[in-house]
Amino acid sequence: MAFSRRVYGLGIMAIGIANLIFGEFDPGQPVPAGFPARKALVYAAGAFLVVAGAAVQWRRIAAWGAAALTAYYAFIVVALMNGRLLMTQYAVYGIYEELAIQLAIPAAGLIVFAKTAKIDAALAARLTRFARFAFGVCALVWGGAHFVYMNMTAPLVPKWLPPTQEFWGYLTGVCFIAAGLAILTGVRARLAALLLTAMILIFGVLANGRVLLANPSSHFNWTESALNLALIGAAWVVTDSLARPAK
């Protein structure tokens with residue numbers, strides 16, 4: 001899991017660096033404009049993400065970094081920052097999509113913790129199964145978003161890809177759902193997680209990368225690319241957790 005763990009950590013560090021450079025939160029971590037000491041919290045959160053992401057890079061302290069990231073994203077980002085939006089916008093599918101994006105990060109963090117911490121093997125296995133279940137649900141939600149928001153998904157597909165942008169939007173939506181079902185049921189789960197990792201990587205190049213190059217001064221574009229890198233690492237961590245142990 002060493003390489004996937006490092007990609008995951010680099011993605012988290014990139015999100016933190018974007019916070020520090022632009023002096024703004026990741027759009028997936030909504031904090032009201034008038035929140036007390038908001039600017040100080042931006043830099044504190046950015047520094048935390050850089051340090052925790054760096055910690056994941058080293059085997060000796062990877063468990064500490066993963067535990068910190070899991071707690072921060074699960075309780076602060078998912079439950080508090082996005083949970084409050086769910087209370088008032090529960091009928092908006094986009095809220096569930098954003099929750100799923102942010103939830104995927106602590107899911108992978110929990111797997112990294114389970115694999116690197118010196119804890120009981122049975123407990124580690126239970127934590128890993130729980131995290132994979134959460135990640136599988138996230139993939140289902142992402143797939144549904146492609147159908148609900150095709151008007152926003154299709155333009156991200158390069159026009160030169162045949163046959164149409166909508167075709168690839170629907171196809172990738174189906175692939176997300178299929179991968180989620182495979183991870184949840186355990187049927188060809190590792191293959192599905194591997195293909196899902198590759199698909200997110202392709203998105204990063206063809207969609208996020210293209211948009212970033214078109215407007216490199218945009219905070220949103222940088223954080224989207226950083227988040228995409230973190231999700232590549234997260235999906236890769238899930239893939240590695242499904243590998244059969246060597247005999």
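This tour moves from the whole chain to selected residues.

**Before selecting anything**

The model is predicted, with local features requiring pLDDT of at least 70 and side-chain atom pairs counting only at pLDDT 80 or more, while totals for chains, interfaces and linings use all residues. Residues are numbered from 1 along each chain as its sequence is written, and side-chain values use heavy atoms, with hydrogens and water left out.

**The whole protein**

Display the protein as a cartoon: nine helices and zero strands appear. Helices (H or I, at least four residues) and strands (E, at least two) are DSSP runs, numbered from the N terminus. Followed along the sequence, the pattern reads α-α-α-α-α-α-α-α-α.

Reduce the view to the C-alpha trace, which spans about 50 × 50 × 35 Å along its principal axes. The radius of gyration is 17 Å, which agrees with the value near 18 Å for a compact globule of 247 residues. This radius is taken over C-alpha atoms, and the globule rule is 2.2 Å times the number of residues to the power 0.38.

**Surface and interior**

Switch to a surface representation. The accessible surface comes to about 12,400 Å², with 72% of it belonging to carbon and sulfur atoms; the areas come from the Shrake-Rupley method with a 1.4 Å probe, and for residues only the protein chains shown count as cover.

Colour next by burial: 49% of the 247 residues are buried. Buried means under 20% relative accessible area, exposed over 50%, and partly exposed in between (1.4 Å probe, protein chains only).

**The cysteines**

Select Cys-138 and Cys-175. How many disulfides does a search of the whole structure find? The search finds zero, a disulfide being a pair of cysteine sulfur atoms within 2.5 Å. Cys-138 is in no disulfide, and the nearest cysteine sulfur, that of Cys-175, is 18 Å away. From the side of Cys-175, this separation is too far for a bond.

Is Cys-138 buried or exposed? At 1% relative accessibility, Cys-138 counts as buried, whereas Cys-175, at 34%, counts as partly exposed.

**Ala-207 in helix H8**

Select residues 189–214, which form helix H8, and find Ala-207 within this helix. Ala-207 has 10% relative accessibility and therefore counts as buried. Show its neighbours: leaving aside residues up to four places away in sequence, Ala-207 touches Leu-156 and Ile-202. Contact means heavy atoms within 4.5 Å.

Finally, draw a C-alpha to C-alpha distance from Ala-207 to Thr-88: the two are 31 Å apart in space and 119 residues apart in sequence.
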